[in-house]
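Please take a moment with the sequence and the model that follow. The paragraphs after them lead from one region to the next.

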There are 2 protein chains.
Amino acid sequence: MVTIKDVARQADVSVATVSRVFSGANVVREETSKRIRDVAARLRYTPHVGARSLTTSKTNTLGVLLPDLYGEFFSEIIRGIDAAARRSGYHLLVSSSHSDSREVASAMRSMRGRVDGLVLMSPDLDAKALVATLPEGHPLILLNASVKQRGVASVRIGNSRGAKAMVQHLLEHGHSRIAIISGAKHNIDSEQRRNGYRAALAEAGISPDSRLEVEGDFTEDSGYEAVRKMLANRSCRPTAIFAANDAMAIGALSALREAGARVPDDFAVAGFDDIPIARHMTPPLSSVHVPIADLGERATENLIAAVSNPKHRARHEILRTALVIRESCGPPGHA
Amino acid sequence: MVTIKDVARQADVSVATVSRVFSGANVVREETSKRIRDVAARLRYTPHVGARSLTTSKTNTLGVLLPDLYGEFFSEIIRGIDAAARRSGYHLLVSSSHSDSREVASAMRSMRGRVDGLVLMSPDLDAKALVATLPEGHPLILLNASVKQRGVASVRIGNSRGAKAMVQHLLEHGHSRIAIISGAKHNIDSEQRRNGYRAALAEAGISPDSRLEVEGDFTEDSGYEAVRKMLANRSCRPTAIFAANDAMAIGALSALREAGARVPDDFAVAGFDDIPIARHMTPPLSSVHVPIADLGERATENLIAAVSNPKHRARHEILRTALVIRESCGPPGHA
DNA sequence: GCCCCGGATGTAACCGGTTACATTTTCCCG
DNA sequence: CGGGAAAATGTAACCGGTTACATCCGGGGC
């Protein structure tokens, strides 16, 4: 591999001068600079970023830790993160599929010295314990994390409020038997969305019915299974189904179609996240819109701010959701 | 930041010994080792991976360059890459949204010294020119690249064959006016799929009709627009629509639904890729199954093989597709 | 008691850059 | 043409590790 020394030797200058040419310090005589560039081009020299970051202690890289990569939600998140990062000239070191906190801790550790900051999405985990293992002063931002921590910036979704609004919408349309397909246990998004659901019912004076709360795991399959379970239980059928994310709502739609049930005539269906595909379902899926890519962007922008300005104060941001009513929950007064 | 020196000082040993403890050389006396580990734990010391990789010239990281991150296709690709990488203990440096080749070249350059190898997906670009700018001996694998290059490993999809099979299937079902919504111009996947389409028609003795070839860009919106265009042109309506990917097929389904057309009764629709959501469309979308995650995995496995064994021979792999017939293209003899 | 050997640890060069400071060159002006 | 400041370049320490080689030490064999 060709190094700065090779270039220096062939251009008959010291390594310092070569370094100055490539690190943008504008102090090298034009003539010399050109000669060095020529030699470098001929030798196909590229500065070794790793070595550079050792002295500058800047890597221009952000670490991204995600629980999973499956489905449009994560794809949008990364897309947002990537957009913000590239805008500021940062690279992304991505690592996913971290289920338990030991794994996450080890992934965090292995990023030491490789990244200037960390975006950590851990809706399932106890972020507090994780953060404790981190060396001080390491810029970090939490995405949809379960705990709001002093001094640790975070961005999250207005889950509860969004879910409540959707359930209220269903109530206004005359539904009173509204089922929920929740996400995985201990997942903060799932819990908050379920809370919103319960709050809406409570305010409407409807007492909770545990038979209407089915647990899924945010996958299409689990939404599908949840509906099959509901349909099997003839004694207690909902008229509306609120899924804690779109993937499960989509699985639910499939199960209903297979069972010959019509949506929204027989069942109203609503999801959460408003992933891009939601509008293309049949019928188009009503959902709680989450600015997913924005979520990634905001987190990343905050992180970059913290990275470039050490006294940047940690903020907690909550992104607003918006009801997107399409056809899957039917016209008013229909239930 | 606490370094190896701090640990050495506090544990009253030399940095070499500390280094040996953390790099797994099993030559340090148990007693000493324990003392060092204790000090390190107390100080929250983590070895600086960047510094380590400077001497070992191993980064345990792979670079991933993608043209985009939007949609389930890329999400699955990354998932596959990530799975294979994590299995072998590699990290991923991801960079996307590279439209023109200057950008890609610069991204490649900026990865020098940061990665042990590169996965490059560039269906739009002239990979040849890009590869030429790369320093020799840099492990690289091309994903769906346009040119088959000597000495450069690649993994790709059996596009032409898959498309041909799908169009033949439509032909067998009695369709003769089969439209195609192709992908972006100069995109290799799009071109190969279109070639497969044309080949099937040619073999069936059907002369090509340029009015039945509409150009899209692989997005849902472009599929939607393409169908609107087709429907507007009353003089020349197809009975079947083959979209060069599922996203466009999904957009097509939306347009048809809005126009009040029934699928598969009025139009048969088929896609390509078989992204996970395809089976959940209404009607479930027939598609050419591509093992997307596998594509990423195979590429990554090959790359890792090349990284760990410099005399690994570059292979060109072509992944087989499989017809997945669901309901969107209807029962036989229907057209 | 001496020597040799092997295991444990230390010393210092090195990886590929950056940069403070020293030194040389350039150039302007009297 | 000499002097001195400014500009250009060189020297060498340093970033945080790894590792070849040197050193030290204890124990076994004679």
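By class, the surface near DNA strand D is made up of 14 nonpolar, ten polar and three charged residues, and in this predicted model the number of residues surrounding that strand is 27. The closest of them are A:A16, A:T32, B:I4, B:A16 and B:S19, and both protein chains take part through helices, since α2 (15–22) and α4 (49–56) of chain A, together with α2 and α4 of chain B, each supply at least two residues of this surface.

One of those helices, α2(B), can be followed a little further into chain B. Helix α1 (residues 4–11) of chain B packs against helix α2 (residues 15–22) of chain B with their axes 8 Å apart and at an angle of about 110 degrees, and because angles of 65 to 115 degrees count as roughly perpendicular, α1(B) is described as roughly perpendicular to α2(B). On the side of α1(B), the residues that meet the other helix are B:I4, B:K5, B:V7, B:A8 and B:A11, while α2(B) brings B:V15, B:V18 and B:S19. Sorted by class, this contact has six nonpolar, one polar and one charged residues.

The next topic is how the two protein chains meet. Here 42 residues of chain B are in contact with 42 residues of chain A. On the side of chain B that touches chain A, at least two residues each come from α4 (49–56), α5 (72–87), β2 (91–95) and α11 (246–258) of chain B, with α5(B) giving the largest share, seven residues. By class, that side of chain B has 15 nonpolar, 17 polar and ten charged residues. Strands also join the two chains, for β2 (residues 91–95) of chain A is linked to β2(B) by three bridges, and these strands run antiparallel; within this pairing, A:L93 stands opposite B:L93.

A single residue of chain A closes the tour. Is A:G296, which has its place in helix α12 (residues 292–308) of chain A, buried or exposed? A residue is buried if 20 or more other C-beta atoms lie within 10 Å of its own, and A:G296 counts as buried because it has 26 C-beta neighbours inside that distance. Leaving aside neighbours within four places in sequence, A:G296 is in contact with A:I77, A:I78, A:R79, A:G80, A:I81 and A:A84. As for A:G80, 216 residues separate it from A:G296 in sequence, yet in space the two are 4.6 Å apart, C-alpha to C-alpha.

Definitions and conventions
Residues numbered from 1 in each chain as written. Chains lettered and ligands numbered in written order. Predicted model: local features only at pLDDT ≥ 70, side-chain atom pairs only at ≥ 80, totals over all residues. Contact = placed C-beta atoms within 7 Å. Helix = DSSP H or I, 4+ residues; strand = E, 2+ residues; numbered from the N terminus. Nonpolar A, V, L, I, M, F, W, Y, C, P; charged D, E, K, R; others polar. Pairing = 2+ DSSP bridges. Axes fitted to C-alpha atoms, helices over the stretch in contact; angles between N-to-C directions. Parallel < 35°, antiparallel > 145°, perpendicular 65-115°, else oblique. Near = placed C-beta within 6 Å. Buried ≥ 20, exposed ≤ 12 C-beta atoms within 10 Å, placed from the backbone.
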